[in-house]
Amino acid sequence: MKRFVSMAVFLLISAATTAYAQPPHGKCDNGWRDRMRTERIAFLTEAMDMTPEMAEKFWPVYNDVQNQKRDAQMKVMDAYRVLEEAVRSGKPESEMTAALDDYLKALASRRDVNKKAETRLKSVLSDAELAKYYVADERFRREQVHRLHHGPRPDFDRRSL
């Protein structure tokens, strides 16, 4: 019995410590976002062999495009949460239809933002530079996913594009 009580207390303390260590929903630390942004800038600058003149034209457009993409993605996720809640709670079909319509509109809006982003990037980059940008951006994304699952790659070379 004593062993059972000790184990229960240990588990309770562990659970409380773990729960306390997690930030409240919506209150996460944005330090990782700043680090990621800095790493992405360094990666893209190096991979695209950016000159100061090119950087002066590219980064303001890039930052604006990224903000628009992030806003569009947030709208998609918000609409998805509403749709998911409507399905899970068995809301009436009219509410489900409205939630579905909002979700599909958010997806279409995100596609429009991506198309406009392509046009805006083409206005400041040549086709070769734009190709380098897309390849570098995808390589950066894949490296981050790999790092998340396996840690950093010791043989990763940014210049091997």
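Angles between helices are sorted by size: under 35 degrees counts as roughly parallel, over 145 as roughly antiparallel, 65 to 115 as roughly perpendicular, and the rest as oblique. Keep that handy for the exercises.

A quick note on the model: it is predicted, so local features need pLDDT of at least 70 and side-chain atom pairs count only at pLDDT 80 or more, while totals for chains, interfaces and linings use all residues. Residues are numbered from 1 along each chain as its sequence is written, and side-chain values use heavy atoms, with hydrogens and water left out.

**Exercise 1. Work out which secondary structure elements the protein has.**

Step 1: Count them up, and you get 5 helices and 0 strands. Helices (H or I, at least four residues) and strands (E, at least two) are DSSP runs, numbered from the N terminus.

Step 2: Reading along the sequence gives the pattern α-α-α-α-α.

**Exercise 2. Describe how H2 packs against H3.**

Step 1: Find helix H2 at residues 31–47 and helix H3 at residues 52–88. Their axes are 13 Å apart, at an angle of about 135°. Axes here are lines fitted to C-alpha atoms, for helices over the stretch in contact, and angles run from 0 to 180 degrees between N-to-C directions.

Step 2: Check the angle classes, and H2 and H3 are therefore oblique to each other.

Step 3: List who touches whom, where contact means heavy atoms within 4.5 Å. H2 brings Arg37, Arg40, Ile41, Leu44 and Thr45, and H3 brings Trp59, Tyr62 and Arg70.

Step 4: Sort these residues into classes: 4 are nonpolar, 1 is polar and 3 are charged. Ala, Val, Leu, Ile, Met, Phe, Trp, Tyr, Cys and Pro count as nonpolar, Asp, Glu, Lys and Arg as charged, and the others, Gly among them, as polar.

**Exercise 3. Now do it for H3 with H4, and for H4 with H5.**

Step 1: The axes of H3 and H4 come within 8 Å and cross at roughly 170°. That makes H3 roughly antiparallel to H4. Their contact has 21 nonpolar, 3 polar and 7 charged residues.

Step 2: H4 and H5 have axes 8 Å apart and pack at an angle of about 125°, which makes H4 oblique to H5. From H4 come Glu118, Leu121, Lys122 and Val124, meeting Asp127, Glu129, Leu130, Tyr133 and Tyr134 of H5. By class, that contact has 5 nonpolar, no polar and 4 charged residues.

**Exercise 4. Find the residues at the heart of the largest nonpolar core.**

Step 1: Get the term straight: a nonpolar core is a set of buried Ala, Val, Leu, Ile, Met, Phe, Trp, Tyr and Cys residues joined through side-chain atoms within 4.5 Å. Buried means under 20% relative accessible area, exposed over 50%, and partly exposed in between (1.4 Å probe, protein chains only).

Step 2: The largest core has 19 residues, and Leu44, Met48, Phe58, Leu125 and Tyr133 touch the most other members. H2, H3, helix H4 (93–124) and helix H5 (127–150) each give two or more residues to this core, and H3 gives the most, with 6.

Step 3: Zoom in on Leu44: leaving out residues up to four places away in sequence, Leu44 touches Met50, Trp59, Tyr62, Tyr133, Ala136 and Asp137.

**Exercise 5. Spot what's unusual about the backbone at Asp49.**

Step 1: Locate Asp49 in the loop between H2 and H3. Asp49 is partly exposed, with a relative accessible area of 41%.

Step 2: Look at phi, which is near 50° for Asp49, a positive value in a residue other than glycine. Most residues other than glycine have a negative phi.
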